[in-house]
Amino acid sequence: MNLSHVNFLLILLFLTLNTSTTNVVARKTTYVQQFLSTQNAARSALGLAPLIWDPRISRYATWYANKRRADCALEHSNGPYGENIFWGSGDEWTPAEAAAEWVAERRRYDYRSNSCEHGEQCGHYTQIVWKESRRVGCARVVCYEGRGVFMICNYDPPGNYIGERPY
């Protein structure tokens, strides 16, 4: 093989690896943005700073999501972070859909009384808009044996302290 063929193959290899790496980064960015976009839009509507993706918190969320993969149980980790969890049947649920479900609880939250409508949930929403929460990490897993999809977002510092308003 002559030198021009070697150079051509090296360039081809570089472009292939570079494109592959770019695709992985793009998929990761899209995944992160799916979790963040709706949550940060809810915060922006209230004049709050956006949540920032934190790889350390993301590793924690991934660790816990993987623990739930076997049973897909909607159970909190009881860890050091604020936490939103989601379960959906099937395997098509996206991070954007989970975030939208959490943010949709906004309509059930009454700021004046600092409470949810009677018999309704709104704690996922209040965690998302907790003013002191700045960093977030999330994860999504498809559970074994068709048990559905489990997603989790962890927030630091945590929120939802009884008697305190989120913003």
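## A colleague's note on the fold, its disulfides and its charged residues

1. Asp-54 is buried, with a relative accessible area of 12%. That makes a nice place to start with this predicted model, since the side chain of Asp-54 meets that of Arg-56 in a salt bridge, 3.9 Å from N to O. Arg-56, for its part, is partly exposed at 42% relative accessible area. The cut-off for buried is under 20%, so Asp-54 falls on the buried side of it while Arg-56 does not.

2. How many salt bridges does a search of the whole structure find? The count is seven. Arg-68 takes part in a salt bridge with Asp-71, where the closest N and O atoms are 2.7 Å apart. The side chain of Arg-68 also meets that of Glu-75, with 3.8 Å between N and O. Asp-71 is partly exposed at 34% relative accessibility, and Glu-75 is partly exposed as well, at 43%. Arg-68 itself is buried, with a relative accessible area of 10%. Elsewhere, shared partners link Asp-54, Arg-56, Arg-135 and Asp-156 into one salt-bridge network. As general background, side chains of opposite charge can pair when their charged atoms come close.

3. Arg-43 deserves a look of its own. Found in helix H1, which covers residues 3-45, Arg-43 is buried yet has no salt bridge. Why is there none? The nearest side chain of opposite charge belongs to Glu-132, 8.3 Å away, and a salt bridge needs nitrogen and oxygen within 4 Å, so Glu-132 does not qualify. What the side chain of Arg-43 does reach is the backbone oxygen of Ala-49, at 2.6 Å. Leaving aside residues up to four places away in sequence, Arg-43 touches several residues, among them Leu-48, Pro-50, Ile-128, Trp-130, Lys-131 and Arg-134.

4. Stepping back to the overall layout, the chain has four helices and six strands. From the N terminus on, these elements run α-β-α-β-α-β-β-α-β-β. Of the 167 residues in the chain, 37% are buried. Looking at contacts between residues at least 6 apart in sequence, 69% join residues at least 24 apart.

5. The structure holds three disulfides. In one of them, the sulfur atoms of Cys-72 and Cys-143 are 2.1 Å apart, and the link is right-handed with 70° about the S-S bond. Cys-72 sits in the loop between helix H2 (55-68) and strand S2 (82-88), and Cys-143 in the loop between strand S5 (135-142) and strand S6 (149-156), so this pair ties together parts that are 71 residues apart in sequence. Cys-72 is buried at 7% relative accessible area, and Cys-143 is buried at 4%.

6. Another disulfide joins Cys-138 to Cys-153, with 2.1 Å from S to S. The torsion about the S-S bond is about 105°, so this link is right-handed. Cys-138 belongs to strand S5 and Cys-153 to strand S6, so the pair ties together parts that are 15 residues apart in sequence. Cys-138 is buried with a relative accessible area of 0%, and Cys-153 is buried with a value of 0%.

7. Is the link of Cys-116 and Cys-122 left-handed or right-handed? With -85° about the S-S bond, it is left-handed. The sulfur atoms of Cys-116 and Cys-122 lie 2.0 Å apart. Cys-116 is partly exposed at 30% relative accessible area, whereas Cys-122 is buried at 3%. If the bonded cysteines are numbered in sequence order, the pairing reads 1-5, 2-3, 4-6.

8. Finally, the nonpolar interior. In soluble globular proteins, nonpolar side chains tend to be buried together. Here the largest nonpolar core has 22 residues, and Trp-53, Trp-102, Val-136, Cys-153 and Tyr-155 touch the most other members. At least two residues of this core come from each of H1, helix H3 (95-104), helix H4 (123-128), S5 and S6. Trp-102 has contacts that include Gln-39, Phe-86, His-124, Ile-128, Met-151, Cys-153 and Tyr-155, not counting residues up to four places away in sequence. Apart from this core lies another, of 10 residues, with Ala-65, Ala-139, Val-141 and Ile-152 among them.

Notes:
Residues are numbered from 1 along each chain as its sequence is written. This is a predicted model: local features need pLDDT of at least 70, side-chain atom pairs count only at pLDDT 80 or more; totals for chains, interfaces and linings use all residues. Side-chain values use heavy atoms; hydrogens and water are left out. A disulfide is a pair of cysteine sulfur atoms within 2.5 Å. Buried means under 20% relative accessible area, exposed over 50%, partly exposed in between (1.4 Å probe, protein chains only). Lys and Arg count as positive and Asp and Glu as negative; His and the chain ends are not counted. A polar contact is a pair of N or O atoms within 3.5 Å; within protein, one must be able to donate a hydrogen and the other to accept it, and residues adjacent in sequence count only if both atoms are side-chain atoms. Contact means heavy atoms within 4.5 Å. A nonpolar core is a set of buried Ala, Val, Leu, Ile, Met, Phe, Trp, Tyr and Cys residues joined through side-chain atoms within 4.5 Å.
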